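Trainee: Could we go through the charged pairs in this one together, and then look at a residue in a loop?
Mentor: Yes, let us put the model up and begin with the salt bridges.

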Amino acid sequence: MSAHILLVGEDNFEICRQRGVYGCVMPSTDRNKAEVIAGILSIQPGDLIFFYVRNRGVHGLWRVTGNPYFDNTKVWADNEQFFPYRISFEPAVGYFPKPVSLSDVLDLRDKGRIWAFDLNPVQQKNQYKITMEEARELLRLVLRNNPIRHDPRSLAEPYVPSKRGQIELELADGEAGRVRYEGWLNAWFIHSLAKGELKSLLGDYREFLNLVPTTFNKVMDIFLTHVTTVDSIDVTYKYTCIELKTERATDQDLTQILRYGEWLARKLASGDGEIIQSVLVAARFADPVIEYVKNRRRIEEKTVRLITYRVADNKQTIELQEVCPET
């Protein structure tokens, strides 16, 4: 189970919570379309939903009832944008009429207790996946603001889509076994992570986030948490950060993934870099990248994992192959 914060205006929020449906925009460009689909595919049945309503605050709590789907039936008042990439949901836990103010959320962010949610205009996102630790912080504030518990309210007018179209990944548009836009590579990874298909490559993971904001105006492509349970106690023993490139990865890209790893170590692991697994995925790697990784493994006994990708001949999936520089 994961959690998400969805951004919405006041008028559309009322329709969303009355009908139990939320939609992401149909972008005007293929590049942005890939990024929107990469975001919506990170939502799974059973996930928790918070809404950030502009000028009001954060409302909770709802639970996703099915997989994301495509549906261009008009639901909201906008006559030009139908928000066709959709999820359906239902009220969960209780009815909480008083929202959490944005100032309280930003205070948590300043303290480092919320970090995957950021209203920085550089990102221009309407959907943020957050960790369950962050979700607990938000739910704590929701309960604080609504000390008298009310049963969940049923949806006033449940939306029943006439057709749940499948959200397609467009892997066939690139050349020489590559995807055209990085968003499609991201979307494929998220789709595969949701189905548990990459555990043999990346290790057993519990949470997977994509397009994660950082404090230096860069977006981490993919972030994983690795958790095990010892005598009923959950222990986080590793974090993974993944940088994706559609073409050749250069030493600049290598610097970026190393920077992400250092940032995560400071933020989540009290500076313990050993707990971070850094992965760089690309169609191919520049020689200086391979040479650096080889030397780092020999000198520091630490490494950045290098993985090549190619679109399969059937254009339906992606094949991955780890590059192991000789030491």
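Salt bridges and a loop valine

Trainee: Before the details, how exposed is R56?
Mentor: Keeping in mind that this is a predicted model, R56 comes out as partly exposed, with a relative accessible area of 30%.

Trainee: And which residue does R56 form a salt bridge with?
Mentor: R56 pairs with E14, and the closest N and O atoms of the two are 3.2 Å apart. The pair links distant parts of the chain, since R56 sits in the loop between β3 (48–53) and β4 (57–64) while E14 belongs to helix α1 (residues 10–19), 42 residues apart.

Trainee: Is E14 buried or partly exposed?
Mentor: E14 is partly exposed, its relative accessible area being 23%, and buried would require a value under 20%.

Trainee: Which residues are linked with R56 and E14 in a network?
Mentor: E10 and R17 join R56 and E14 there, the four being linked in a network of salt bridges.

Trainee: How many salt bridges are there in the whole structure?
Mentor: A search of the whole structure gives 23. Another of them is formed by the side chains of R206 and D234, with an N to O distance of 3.0 Å. That pair also links distant parts of the chain, with R206 in the loop between α6 (199–202) and β8 (207–213) and D234 in strand β10 (residues 233–244), 28 residues apart.

Trainee: How accessible are R206 and D234?
Mentor: R206 has a relative accessibility of 40% and counts as partly exposed, and D234, at 48%, is likewise classed as partly exposed.

Trainee: What about K245 and E243, buried or exposed?
Mentor: Both K245 and E243 are buried, and their side chains meet in a salt bridge at 3.3 Å, N to O.

Trainee: Changing topic, where is V25?
Mentor: V25 lies in the loop between β2 (21–24) and α2 (30–40), and with a relative accessible area of 25% it is partly exposed.

Trainee: Which residues does V25 touch?
Mentor: If residues up to four places away in sequence are not counted, V25 touches V36, Q81, F83, P84, Y85 and N126.

Trainee: How many residues apart are V25 and Q81 along the chain?
Mentor: They are 56 residues apart along the chain, and their C-alpha atoms are separated by 6.8 Å.

Terms used:
Residues numbered from 1 in each chain as written. Predicted model: local features only at pLDDT ≥ 70, side-chain atom pairs only at ≥ 80, totals over all residues. Heavy atoms only, no water. Helix = DSSP H or I, 4+ residues; strand = E, 2+ residues; numbered from the N terminus. Buried < 20%, exposed > 50% of the residue type's maximum accessible area, 1.4 Å probe, protein only. Contact = heavy atoms within 4.5 Å.
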